[in-house]
Amino acid sequence: MKQAAKGFSRQVVEELSSLHSEPPWLRQRRLEAWRVYEATPMPTLQDEDWRRTDISALALDELLPFAEAPSPHADSIAELPQGLCALLDKSRPESGLLIQHDSQVVHASPAEEAAKQGVIFASLEEAVGEQPELVKRYFMTRCLPPEHSKFVALHGAMWSGGTFVYVPKGVEVELPLRACQWLARPGLAVFPHTLIVLEAGSKLTFIAEQCSPEMDGQALSCGATEVYLGEGAQLRHISVQQLGRQVYNLGAQRHLLEGDSSLDSLIIGLGGELTKFFVESVLEGPGANAQMRGVVFGGDDQHFDHQTLQEHIAADCSSDLLFKVVVKDQAMSVHLGNVRVHGDARGTDAGQTVRNLILSEGAKAHPILPLEIEASDIRRCSHAATVGQVDEAQLFYLMSRGLSRRDAQKLIVDGFFEPVLEAIPLPAIQHRLRRAVDEKLGLAMP
Amino acid sequence: MPKPLFVIEDLHVSVEGKEILKGVNLTVERGEVHALMGPNGSGKSTLAHTLMGHPRFQITQGRVLLKGKDVLSLPPDERARQGMFLAFQYPVEIPGVKVRHFLRMALKASKGEEPSVTEFRKQLFEKMALLEMNRSFSERYVNEGFSGGEKKRNEILQLAMLEPEMAVLDEADSGLDIDALRSVANGINKLAGPHMGMLLITHYQRILNYVDPHFVHVLFDGRIVRSGGMELAQELEAKGYEWIAGEAVA
């Protein structure tokens, strides 16, 4: 099967499974996910989670569920398509880098130092063969089961390619590991899966990028990311989304945190036509800590919908969410931010802040931040949302120093994002994102 | 005869229909430092903001000439490029923008060309040394978390870097303790010179213990009611603004 027929069906699921020569348990999981998909109604504007996000223009039946990469294997990044190549920092050694082109992983350079310490960094398809027990235990079981939501179920049935990271107990991985998903084919649906398992006391920085060139036709990126943080594990997790303007992006990312583990996550949303993205942290063990940050910049008629969850199950955990959103033109950003504190979660310290900067009259932002608190003895549970335009006092101050109104506005927007961008460990990605922000402001040539 | 550097001519300004400035006249030449004193509500801040082009203030009459050219129709950024500068009484926070980056952008915008990185650094560190400022200051976000004194010194640093021809300093001394006041005043003294005209707007006489103006003016109820030298400031300090109020009423 080089290329499946259009649309999704049980038959396609079986063909995909055969194509990858999958073991029966995995085939079974695909079929079970498909069953859940079929049993789950298609989201509509009547559903609480989808009230402001309309996906009726997404022609699912017209999409290809799988396509081979034009060149199935690239030994070095120089062999990759130019647009993809431009994303990668050529000055950096090619290690700790995995690339998925359309439905296939075409490059995986292991992080050698880390491999010596037992770290596994490979395509998920490969891991199914080589680490069946690990994958069987963690893949779409406790973290993101198909029952999570309609498109997670579709993902479970249709996934291909994917990234697998395993860090053994106590191992600290120095070099950031990086996975880049490149979707370049109009009419294609891709389902990249990322599975990260950090054993107790381990430490990792992981950077995930979803990118695509501008295309002349609809496409779908339907990814899922599952992360397990063992006792005391530490993860910095950065996700950059720079998909082309024709792409629908329906994804989910969920972190399960055991006791005293700590997560520092950053979501960057710049591209795509429409994004509905679930970002969830579940604090299952006492003393766990989750920092969840986000940067979103919408222009033209882009639509972003980030649905976040800070779920406090164990006692004495803390979580803090900060999303910074800029919208211009006719763009819209929805943020549905849930904080859920279970009855046993004494001493919870949870905060969420969503700040929206509106640059044009036609642009809109809807932050909705409900709190559900069952525990009685908590330290803090706070939420704050702001929606506002660029401050005239700031503009006057900057203009009094000679900056044009446009440059003043640019400086204010740059400053709004800068503290988040400057914390990204790879300078080349920082640079690329600043450029992307400038392009969106209409200040730089693409 | 060369044109005067800066002339305010019969300036009337209203805010939301209420007349605040009722005919201000003032001429500042290069190399001159003018102090403009006045009580609360006399129109000092209105004047400062109007001179820089704040959109809130409505000019009903008069002209403001910089090197012979009326600037009242120009937006603030254009006035800055023509050589004007306003040190703010309440400098505004620009979160996430480093002082260094901001100064570079401002320099590029007001001079029309971008200085090279090395040239800019050299210039910045020279000015910071002149103003006895720690270099780490330039890595902080503009006015964010600054103390009152740091905000005012940051204004003086901008003045030093941008080298305007006409500088208006709006209450550069307000809210400062004695050490911060002395440091701001020292900065002003180092920067004043034959190439620049300076208008120092202040409520209190105390900054004039450190900065010697050539002229002192008193603004009262939207008009300059007295002009003189340092002796006028001393007289005000001794007698208070009520003295002027009494005269104005009489």
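**Exercise 1.** In this predicted model, decide whether B:Asn143 counts as buried or exposed, and describe its surroundings.

*Solution.*
Step 1. The relative accessibility of B:Asn143 is 0%. Buried means under 20%, so B:Asn143 counts as buried.
Step 2. Place the residue in its chain. B:Asn143 sits in the loop that runs between helix H4 (117-130) and helix H5 (148-162) of chain B.
Step 3. List the contacts, leaving aside neighbours within four places in sequence. From chain B, B:Asn143 touches B:Pro91, B:Val92, B:Glu93, B:Lys151, B:Asn154 and B:Glu155. From chain A, B:Asn143 touches A:Tyr397.

**Exercise 2.** State how many residues each chain gives to the contact and which three residues supply 40% of the area that chain A buries against chain B.

*Solution.*
Step 1. Chain A gives 18 residues and chain B gives 34 residues.
Step 2. About 2000 Å² is buried between the two chains, with 69% of it on carbon and sulfur atoms.
Step 3. On the side of chain A, the three residues are A:Phe396, A:Tyr397 and A:Arg401; no other three supply more.

**Exercise 3.** Find how many salt bridges the rule gives across the interface of chain A and chain B, and describe one of them.

*Solution.*
Step 1. The rule finds 2 salt bridges across the interface.
Step 2. One of them joins A:Arg401 to B:Glu155, where the closest N and O atoms are 2.7 Å apart. This distance is within the 4 Å cut-off.
Step 3. Turn to the elements of chain A. Helix H8 (392-399) and helix H9 (405-421) are the elements that give two or more residues to the side touching chain B.
Step 4. Sorted by class, that side has 9 nonpolar, 5 polar and 4 charged residues.

Methods. Residues are numbered from 1 along each chain as its sequence is written. Chains are lettered from A and ligands numbered from 1 in the order in which they are written. This is a predicted model: local features need pLDDT of at least 70, side-chain atom pairs count only at pLDDT 80 or more; totals for chains, interfaces and linings use all residues. Side-chain values use heavy atoms; hydrogens and water are left out. Contact means heavy atoms within 4.5 Å. Buried area is the accessible area (1.4 Å probe) that two parts lose on being put together, summed over both. A salt bridge is a side-chain nitrogen of Lys or Arg within 4 Å of a carboxyl oxygen of Asp or Glu. Helices (H or I, at least four residues) and strands (E, at least two) are DSSP runs, numbered from the N terminus. Ala, Val, Leu, Ile, Met, Phe, Trp, Tyr, Cys and Pro count as nonpolar, Asp, Glu, Lys and Arg as charged, and the others, Gly among them, as polar. Buried means under 20% relative accessible area, exposed over 50%, partly exposed in between (1.4 Å probe, protein chains only).
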